[in-house]
Amino acid sequence: MIDEDTTEARALFTRLMGEEPPMTLTSKTLLRKAHRATRRSATVTGVAATVVAVVGVTMLARSGTAPEPTMALASGEPAPAPEVSFPTVDTPWCIPGAPDCPFVTDDRSNRLSRNVNAAIGSILPKGMTVEPLPRNTDLGQREPFLFGQHDGRYYGSARTSDSAGHGSVSINLGTQSVRGSCDTSPFQLPKNAISVFRPTGCTEQTLKDGTVAVVSTYITRDSTWNLIVVDAKKPDGTTVQLVSNNNTAIKFTGQPATIPTRHDPPLSKDDLLKLVQLPALKY
Amino acid sequence: MSDRDMEFADFVDAYAASLRRTAFLLCGDWHRAEDFVQVTLLKVHKSWTRLSGTPLGYSRQVLTNAVIDESRRFWRREHPTYPMPDAEISPPDTDSSVDLRRAMAALPARQRAAVVLRYWEDLPIADVARILGCAEGTVKSQCAKGLAALRAMVNLEVKP
């Protein structure tokens, strides 16, 4: 049954449309454009893969050379640490499982979403909330974490907030190797994002549950974007990379999508070490 | 032509015009509406084999998101050009479609989308909520506010 509102609105819309111009779009032209886009996409992917491979080989080659000795400045201060390209988080920038999204959902991702959402509250500091990233909220995500699988690893991220401002935490989980120590392993080659960060510290520790964790901190050149990164290998073989940052969203380009609202990431190093030990983070 | 292309061509022939009307109501310009439909259908083609059921629902969602995303870009940000009801109202335009167009343009993009999907596409509130990614209550309030604003701005009689 059509109600009065619908009838009235339709009358308005029909008046608004007036004379409809002829359609120039046809299925034939659309198909031609679709095929051209597919070919172009394949070409771009090929070129991008080549560029990534070249950059990767260069980085790996550089990581294999002896480290340069620390230079002393005239003032006696040590030279600043070299800047590195750091793999920023491969955050689902879409709803995992949606047709256009490269992140797919499966039983494991569903289990991770369920368990992490249920457990995350136990490690949050008092006054801190966790919710979906704003962009994903717009797309219909309701739970803080919605894990998606891409290239065999599982990714989930959420916004963290307290009275001081916003930030985010991202979880990247799988069984592939992660950075095992502060000084021997090269940084993993970024897949989607390269941003220049300056390392500001690194520690290695074995946690109570046997997890081996490497905690690194980074800051951008303009000192506005801070990251705390935990690369961990759990006793059951699950490898986890956690990133807490003071920016509420990160685009695939690696550039901050918003201006940081606070200096420190909402989740501290200690919070991340509690998070990584949660049984919910299991491959 | 592959089976997929044939199915897609049938879909385009059947629904492109309807999608363009919806796009026009969302953006207010026939040329941009056709561009939005083209972008939408290219995305639908890319995902064709992964779509289950009718692709029309997915097309509506892609189209709506495309128009809303576009309206957020700063050079596209909309500025109401029509006096609000509580402002001094000048005599209405003699061309009622221009009047209506201004009224539609004054609605926020998501509110406009809610009104169009609910009343033009005649979608159930739950479907509109899914497309817009919000609660059903939000859709109801957006539709009521949007329709009331349209009524007020085109000087129609407001029903109790």
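Here is a walk through a predicted model with two chains, A and B.

Let's start with the overall make-up of each chain. Chain A mixes the two kinds of element, with five helices and nine strands. Going from its N terminus, the order is α-α-β-α-β-α-β-β-β-β-β-β-β-α. Chain B, on the other hand, has seven helices and zero strands, so to speak a plain run of α-α-α-α-α-α-α along the sequence.

How much of each chain is buried? For chain A, 31% of its 283 residues count as buried; for chain B, the figure is 36% of 160 residues. You can also ask how far along the sequence the contacts reach. Take pairs at least 6 apart in sequence: in chain A, 63% of those contacts join residues at least 24 apart, and in chain B 58% do.

Now to the inside. The largest nonpolar core has 47 residues, and B:Ala23, B:Val37, B:Ala114 and B:Val116 have the most contacts within it. The top contributor is helix 1 of chain B (residues 3-27), which puts in 10 residues. Both domains of chain B take part, with at least three residues each from domain 1 (1-77) and domain 2 (82-160). To get a feel for the packing, click on B:Ala23: setting aside neighbours within four places in sequence, B:Ala23 is in contact with B:Ala33, B:Phe36, B:Val37, B:Leu63 and B:Val67. There is also a second, separate core of 33 residues, and this one includes A:Ile95, A:Tyr154, A:Ile171 and A:Val214.

Two of the core residues just mentioned bring us to helix 5 of chain B, since B:Ala114 and B:Val116 are among the buried residues of that helix. Helix 5 (residues 109-120) has 12 residues, which at 1.5 Å a residue should span 16 Å; the end C-alpha atoms are 15 Å apart, so the two agree. Because 10 of those 12 residues are buried, helix 5 of chain B is largely enclosed by the rest of the structure. The buried set isn't just nonpolar side chains by name, either: B:Gln111, B:Arg112 and B:Arg118 are among them, along with B:Tyr119 and B:Trp120. After helix 5 of chain B comes B:Asp122, with a positive phi near 60 degrees.

Helix 7 of chain B (residues 136-153) is worth a look too. Its 18 residues reach 26 Å from first C-alpha to last, close to the 26 Å expected at 1.5 Å a residue. Buried here are B:Val139, B:Gln142, B:Cys143, B:Gly146, B:Leu147, B:Ala149, B:Leu150 and B:Met153. Those residues cover an arc of only 160 degrees around the axis, which means they sit on the same side of helix 7 of chain B.

Where do the chains meet? There, 26 residues of chain A are in contact with 37 residues of chain B. On the chain A side, the elements giving two or more residues are helix 1 (4-17) and helix 2 (27-63). Helix 1 of chain A gives the most, with 10 residues. By type, the chain A side divides into 14 nonpolar, five polar and seven charged residues.

One last stop is A:Thr203, in strand 6 (residues 194-206) of chain A. Is A:Thr203 buried or exposed? A:Thr203 has 11 C-beta neighbours inside 10 Å, so it counts as exposed. Its C-alpha atom is separated by 8.2 Å from that of A:Ser181, 22 residues apart along the chain.

Definitions and conventions
Residues numbered from 1 in each chain as written. Chains lettered and ligands numbered in written order. Predicted model: local features only at pLDDT ≥ 70, side-chain atom pairs only at ≥ 80, totals over all residues. Core = buried A, V, L, I, M, F, W, Y, C linked by C-beta atoms within 7 Å. Buried ≥ 20, exposed ≤ 12 C-beta atoms within 10 Å, placed from the backbone. Helix = DSSP H or I, 4+ residues; strand = E, 2+ residues; numbered from the N terminus. Domains from an automatic or database assignment. Contact = placed C-beta atoms within 7 Å. Expected span 1.5 Å × (residues − 1). Arc of directions from axis to C-beta. Nonpolar A, V, L, I, M, F, W, Y, C, P; charged D, E, K, R; others polar.
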